[in-house]
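Let's take a walk through the empty spaces of this protein, and see what fills one of them. A couple of backbone details come at the end.

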Amino acid sequence: MFIVDKIRADFPILNREVHGKKLVYFDNGATSQTPQIVIDAIVDYYSNYNANIHRGVHTLSQEATDKYEEARLKVQQHFNAKHSYEIILTAGTTHSINVVASGFSAILKAGDEVIVSSLEHHSNIVPWQMLCEKTGAILKVIPMNQDGSLRMDIYHELLNANTKLVFCNHVSNALGIINPIKEIIHAAHKFGAYVLIDGAQAVPHIKPDVQALDADFYVASAHKMCGPTGVGVLYGKEELLKLLPPYQGGGEMIETVTFEKTTYAGLPHKFEAGTPNICGGIAFGAAIDYLNSIGFENIAKQENELLAYGTQELEKIEGLKIYGTSDKVAVISFNLEGIHPYDVGAILDKLGVAVRTGHHCAQPIMNFYGIPGTVRASFAFYNTKQEIDVLVASVKRAKMMLS
Ligand SMILES: Cc1ncc(COP(=O)(O)O)c(C=O)c1O
């Protein structure tokens with residue numbers, strides 16, 4: 001049974017005070033908190049079997065290798081990839097996207113078209129702009145509606161025989177909107193285009209099935225799903241990962257090296273040059289186990305209740321406007337009329353409430369609404385209605401102080 005108080009006890013940081021107030025952590029979209037079991041996995045690694053992997057015959061190295069490869073299997077199962085070698089462990093979403101963008105710079109030609117959604121995080125815009133600059137490919141944008149949903153009618157019009165790639169997030173970080181990625185993928189495939197889904201904001205809330213989605217690439221970061229920073233995943237279909245050239249050269253990613261010629265290792269090692277974040281990878285596996293032990297149905301139920309309650313209570317505040325009202329996860333992005341979001345965030349911090357303020361690395365969305373940024377409260381399953389009451393009272397106080 002899901003008992004929130006029992007779950008909160010798994011997260012030592014939730015006992016913290018900030019400025020003499022009990023911490024209310026509503027910045028889960030930026031990074032989620034870490035349960036003790038994941039912290040223990042990190043301590044266990046450095047206390048008991050810290051060693052480099054894949055290349056040692058000694059016991060510690062073999063233990064670390066086994067645990068790291070076990071973690072890859074956990075990621076494979078969680079995302080339902082067909083093969084474990086389709087799971088590349090990277091430094092995070094940004095790294096994963098850059099691996100794919102850099103790979104396609106050797107494949108795309110001038111005049112090819114790529115499509116990006118207007119709801120993207122900068123890390124799913126800038127690498128593609130760099131790719132277009134290098135190759136002469138043309139970047140096209142799916143516009144958005146006032147409610148934060150994508151103009152799917154225009155997306156279908158943009159697709160044509162020249163379209164080679166489509167990039168879209170599963171869930172928007174700035175607004176929390178859930179995008180119709182199945183439709184996006186299916187439509188792109190009709191034109192032979194490949195689709196990369198940025199799952200960074202989806203994975204804390206939804207268990208993605210890359211085979212059911214038929215995603216060509218799906219990327220995410222461990223730190224958004226109760227894991228550590230500096231580790232993430234690039235899922236790619238086998239044939240596409242084979243098609244792309246390596247991102248970085250170095251140790252681990254080679255088969256043979258001579259001064260005349262180097263041949264590359266097979267998957268996944270071709271994309272994993274150098275010593276990886278071994279501890280991070282193992283802790284990522286522990287985080288996946290933890291989330292699955294809570295259950296994604298329980299997570300969704302708790303978070304949807306928080307979203308409904310938070311929306312209802314915040315909407316009662318006069319002059320408060322919520323951005324992004326279409327189908328979404330537990331994120332409320334809002335502004336108080338005539339007040340800069342940064343000022344609201346600074347006062348909330350003094351009251352112990354951690355929220356994100358600013359453009360959320362999604363400036364095109366802010367430009368669309370004609371605002372400098374928003375205050376974003378992003379909830380996790382370990383948050384409570386009582387904490388939302390604190391948020392609402394704090395926003396009212398901020399409004400009073402700043403009006
Ligand atoms: C939708 C989305 N994509 C990409 C990223 C970048 O993730 P990372 O900084 O872990 O590489 C984020 C981070 O907030 C995000 O929300």
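## The second largest pocket

Start with the runner-up: 18 residues line the second largest pocket, and Leu89, Thr90, His95, Ala273 and Pro276 are the ones nearest its centre. Two elements, β4 (87-90) and α4, each give two or more residues to that lining. Keep in mind that we're looking at a predicted model here.

How much space lies in the second largest pocket? About 200 Å³. Sorted by class, its lining comes out as nine nonpolar, seven polar and two charged residues.

## The largest pocket

The largest pocket has a volume of about 320 Å³. Its lining takes in 22 residues, with Gly29, His121, Asn173, Gln201 and Lys224 lying nearest the centre. Which element gives the most to this lining? That would be helix α4 (residues 93-104), which puts in three residues. So α4 turns up again, having already appeared in the lining of the second largest pocket.

As for the make-up of the wall, the largest pocket is lined by 13 polar, five nonpolar and four charged residues.

## The ligand and its shell

What takes up the largest pocket? The ligand does: the space it takes is that very pocket. Around the ligand sit Thr93, Thr94, His121, Ser123, Asn173, Asp198, Ala200, Gln201, Ser221, His223 and Lys224. Some of these names should ring a bell, as His121, Asn173, Gln201 and Lys224 are also among the residues nearest the centre of the largest pocket. The shell is made up of eight polar residues, two charged ones and one nonpolar one.

Three side chains are worth zooming in on. Lys224 has a side-chain N or O atom 2.4 Å from an oxygen atom of the ligand. For Thr94, the distance between a ligand oxygen and a side-chain N or O atom is 2.6 Å. Ser221 also gives 2.6 Å, again from an N or O atom of its side chain to an oxygen of the ligand. How much of the ligand does the protein bury? On its own the ligand exposes 400 Å², and 85% of that is buried by the protein.

## The cavity

Pockets aside, the structure holds one cavity of 30 Å³ or more. About 110 Å³ of space lies in this largest cavity. Its lining counts 18 residues, and Asn28, Pro204, His205, Phe379 and Ala380 are the closest to its centre.

By class, those lining residues divide into ten nonpolar, six polar and two charged.

## Two backbone details

Where is the cis peptide bond? Look between Leu267 and Pro268, where omega is about 0 degrees. Pro268 belongs to the loop that runs between β12 (262-264) and α10 (278-294).

The other spot to check is His19, a residue other than glycine with a positive phi, near 50 degrees. You'll find His19 in the loop between β1 (17-18) and β2 (21-22).

Key:
Residues numbered from 1 in each chain as written. Predicted model: local features only at pLDDT ≥ 70, side-chain atom pairs only at ≥ 80, totals over all residues. Heavy atoms only, no water. Near = heavy atom within 4 Å. Polar contact = N/O pair within 3.5 Å; in protein donor to acceptor, adjacent residues only side chain to side chain. Areas by Shrake-Rupley, 256 points an atom, 1.4 Å probe, with all protein chains shown as cover. 1 Å grid on protein atoms, 1.4 Å probe; cavity = no way out; pocket = protein on both sides within 12 Å on 5 of 7 lines; lining within 4 Å. Sits in = over half its atoms within 2 Å of the grid points. Nonpolar A, V, L, I, M, F, W, Y, C, P; charged D, E, K, R; others polar. Points joined across faces, edges and corners; volume = space filled by probe spheres on them. Helix = DSSP H or I, 4+ residues; strand = E, 2+ residues; numbered from the N terminus.
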